[in-house]
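Visitor: I would like to go through this structure and ask what stands behind the terms used for it. Please set each term against its cut-off.

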Amino acid sequence: MYRKPIVGFLLVLATLTALFASTGTIRNLHYKIESDGKYYYQFLVSAVGDGDLDFTDDYRAPRYPWMEQDVDHYLLRYELSPVSGRPSNPFSVGPAILWLPFALITKVAASILIAIGVRVDPSPWGRFFQYGVMWSAVVYGTAALWCLYRLTRRFVDPRAAAWATALALLATNLLYYVIFEPSMSHTYDVFAYSAFLLAFVTWSKQADPLRLGALGVLGGLCILVRTQNVITIALFSVLLGWLWLRRHEPRQAKSLLAYFAALAITASPVALVNTYLYGSPGTVPQGEGFLDWAHPYVWEVLFSGRNGLFSHHPILLVGLVGVLALIADRYRNRDYDTVAILAVMLLAFAGQAYVNSVTADWWAGDSFGQRRLLGSLPLFTIGLGFAAEKALRAAPRIAVTVFVASMLAGLYLTFIHVWLWPYDQPHNILAWMFIDGPRAAIARFGGRFGL
């Protein structure tokens with residue numbers, strides 16, 4: 001892939017598309033919008049279908065027989081805002097914005113097919129629309145991988161960057177959220193942050209209002225997709241100001257102003273939606289008590305057997321060590337700008353870990369791994385690239401063996417989560433890998449092989 005990256009990523013897009021089309025969502029049910037994703041999707045359904053964000057009628061949409069749960073399975077139609085009297089929706093609006101082009105294309109395709117006599121369900125909850133709109137996860141996921149590769153290439157050689165990108169897809173939970181739960185926000189979170197970082201390292205030193213304005217749009221998109229990213233973008237905004245002001249005269253500040261104006265305008269739907277639904281732009285939609293700042297569970301978020309970030313996907317710990325080694329290397333070479341960028345990425349990750357450790361469900365519900373930190377994948381991919389570069393030079397055969405084993409382990413964990421794990425109980429990752437998973441696999445599939 002690293003010799004002809006365009007061809008490689010087109011193959012990735014085709015492979016992910018085939019896997020997406022041939023599988024379903026959780027438990028491999030053959031539709032694509034489930035769990036929290038239904039509520040992200042409601043922003044698209046209500047805004048496009050009704051021209052508003054009053055979900056009263058949208059939450060009462062009938063459930064198809066092949067859907068496991070009702071459209072409003074959290075019963076948010078009964079949780080009315082005391083300010084507006086409208087049903088609440090605590091999820092972010094960013095994914096719906098990214099889905100909009102795919103929804104329009106799917107609608108046009110449905111109209112054409114119906115006009116020529118092909119039977120197609122035009123409902124937004126029908127399978128045709130679910131697969132058509134959610135294919136966006138494959139497109140944005142592939143775009144995220146491209147950005148990750150290009151970003152990592154700025155620090156290491158092409159072969160190491162290619163291996164790091166492959167590990168980011170197959171040895172973590174990214175593949176799962178691209179293919180099996182594309183209606184969740186996490187794939188789009190990785191895409192937005194990867195695109196922002198690639199633009200940041202490329203444009204942050206330039207006095208170009210257009211490019212810095214585009215960087216502001218990407219920063220705003222990060223916040224739209226997951227509001228917690230305001231921490232990350234705030235840190236990078238400070239860094240941008242510091243890097244830029246070191247190199248340019250104050251009278252050229254219009255470029256920096258373009259960044260902050262574009263950032264504010266792009267992120268403004270968060271405040272507008274909160275005001276519309278809850279009467280306050282800075283409200284916490286999940287309600288009082290969702291965040292307990294005085295009682296963090298940082299260790300559990302990172303290392304618990306129940307959806308811990310590093311316990312589920314230990315390759316990310318290798319990436320973290322790789323980042324620290326890369327920072328030391330760049331510091332020795334007096335590349336202080338790179339050190340600053342990587343340090344801010346580390347600080348942003350620490351902030352994200354802390355925020356998610358004070359939530360009422362630090363384990364992130366029925367999560368595959370610590371999904372709420374998947375957006376930090378660019379940090380670990382860069383670290384994996386640096387570690388891969390060193391390993392491939394020192395012991396190439398051993399390095400490749402470890403890389404392949406890590407990807408196979410990641411695929412095995414994905415297999416367990418999709419086909420074997422009962423979603424009504426928490427699980428310990430080690431028990432499920434070596435005891436419960438094999439036992440459940442034999443019980444479910446053993447008859448086909450005489451076991």
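Visitor: Why does Phe196 count as buried?

Guide: This is a predicted model, and every value here is computed from it. Phe196 has 0% relative accessibility. Buried means under 20% relative accessible area, so Phe196 counts as buried. Phe196 is placed in helix α8.

Visitor: Which residues does Phe196 touch, not counting residues up to four places away in sequence?

Guide: Phe196 touches Leu215, Leu218, Gly219, Cys222, Ile233, Phe236 and Tyr259. The C-alpha atoms of Phe196 and Pro95 are separated by 16 Å, and the two residues are 101 residues apart along the chain.

Visitor: What makes up the largest nonpolar core, and which residues have the most contacts inside it?

Guide: The largest nonpolar core has 140 residues. Those with the most contacts inside it are Tyr41, Trp99, Phe196, Phe200, Phe236 and Met345. The largest share of this core comes from helix α8 (residues 186–203), with twelve residues. Phe236 touches Tyr193, Phe196, Leu197, Phe200, Ile341, Val344 and Met345, again leaving out residues up to four places away in sequence.

Visitor: Why are α10 and α11 called roughly antiparallel?

Guide: Helix α10 (residues 230–247) and helix α11 (residues 254–278) pack at an angle of about 170 degrees, with their axes 11 Å apart. Angles over 145 degrees count as roughly antiparallel, and α10 and α11 are therefore roughly antiparallel to each other.

Visitor: Which residues of α10 and α11 meet?

Guide: From α10 come Ile233, Ser237, Leu240, Gly241, Trp244 and Leu245, and from α11 come Ser255, Leu256, Tyr259, Phe260 and Leu263. By class, this contact of α10 with α11 has eight nonpolar, three polar and no charged residues.

Visitor: What makes α3 and α4 oblique to each other?

Guide: The axes of α3 and α4 cross at roughly 140 degrees and come within 8 Å. Roughly antiparallel needs an angle over 145 degrees, and roughly perpendicular runs from 65 to 115. The angle of roughly 140 degrees falls in neither class, and α3 and α4 are therefore oblique to each other. The crossing of α3 and α4 is right-handed.

Visitor: Which residues make the contact of α3 with α4?

Guide: On the α3 side they are Trp99, Phe102, Ala103, Thr106, Lys107, Ala109, Ala110 and Leu113, and on the α4 side Phe128, Phe129, Gly132, Val133 and Met134. They divide into ten nonpolar, two polar and one charged.

Visitor: Which residues in helix α4 are buried, and what covers them?

Guide: In helix α4 (residues 127–134), the buried residues are Phe129, Gln130, Tyr131, Val133 and Met134. What covers them includes α1, α2, α3 (94–115), α5 and α8.

Visitor: Why is α5 called oblique to α16?

Guide: Helix α5 (residues 136–153) and helix α16 (residues 377–394) pack at an angle of about 50 degrees, with their axes 9 Å apart. That makes α5 oblique to α16, because roughly parallel needs under 35 degrees and roughly perpendicular starts at 65. α5 passes α16 in a right-handed crossing. In α5, Leu148, Leu151 and Thr152 meet Leu377, Pro378, Thr381, Ile382 and Gly385 in α16. The residues of this contact of α5 with α16 divide into five nonpolar, three polar and no charged.

Visitor: Is Arg27 buried, exposed or partly exposed?

Guide: Arg27 has a relative accessible area of 32%. Partly exposed lies between the cut-offs of 20% and 50%, so Arg27 is partly exposed. Arg27 lies in the loop between α1 (5–22) and α2 (37–49).

Visitor: What is Arg27 in contact with, leaving aside its neighbours within four places in sequence?

Guide: Arg27 is in contact with Glu68, Val418 and Tyr423. The C-alpha atoms of Arg27 and Val418 are separated by 5.0 Å, with their positions 391 residues apart along the chain.

Visitor: How do you know that Ser35 is buried, and that Leu75 is partly exposed?

Guide: Ser35 has a relative accessible area of 18%. That is under 20%, the cut-off for buried, so Ser35 is buried. Leu75, at 39% relative accessibility, counts as partly exposed. Ser35 is in the loop between α1 and α2, and Leu75 is in the loop between α2 and α3.

Visitor: What is the phi of Ser35, and what is that of Leu75?

Guide: Phi of Ser35 is near 60 degrees, a positive value in a residue other than glycine. Phi of Leu75 is near 55 degrees, also a positive value in a residue other than glycine.

Key
Residues numbered from 1 in each chain as written. Predicted model: local features only at pLDDT ≥ 70, side-chain atom pairs only at ≥ 80, totals over all residues. Heavy atoms only, no water. Axes fitted to C-alpha atoms, helices over the stretch in contact; angles between N-to-C directions. Helix = DSSP H or I, 4+ residues; strand = E, 2+ residues; numbered from the N terminus. Left-handed = near helix turned anticlockwise from the far one by under 90°. Contact = heavy atoms within 4.5 Å. Nonpolar A, V, L, I, M, F, W, Y, C, P; charged D, E, K, R; others polar. Core = buried A, V, L, I, M, F, W, Y, C linked by side-chain atoms within 4.5 Å. Buried < 20%, exposed > 50% of the residue type's maximum accessible area, 1.4 Å probe, protein only.
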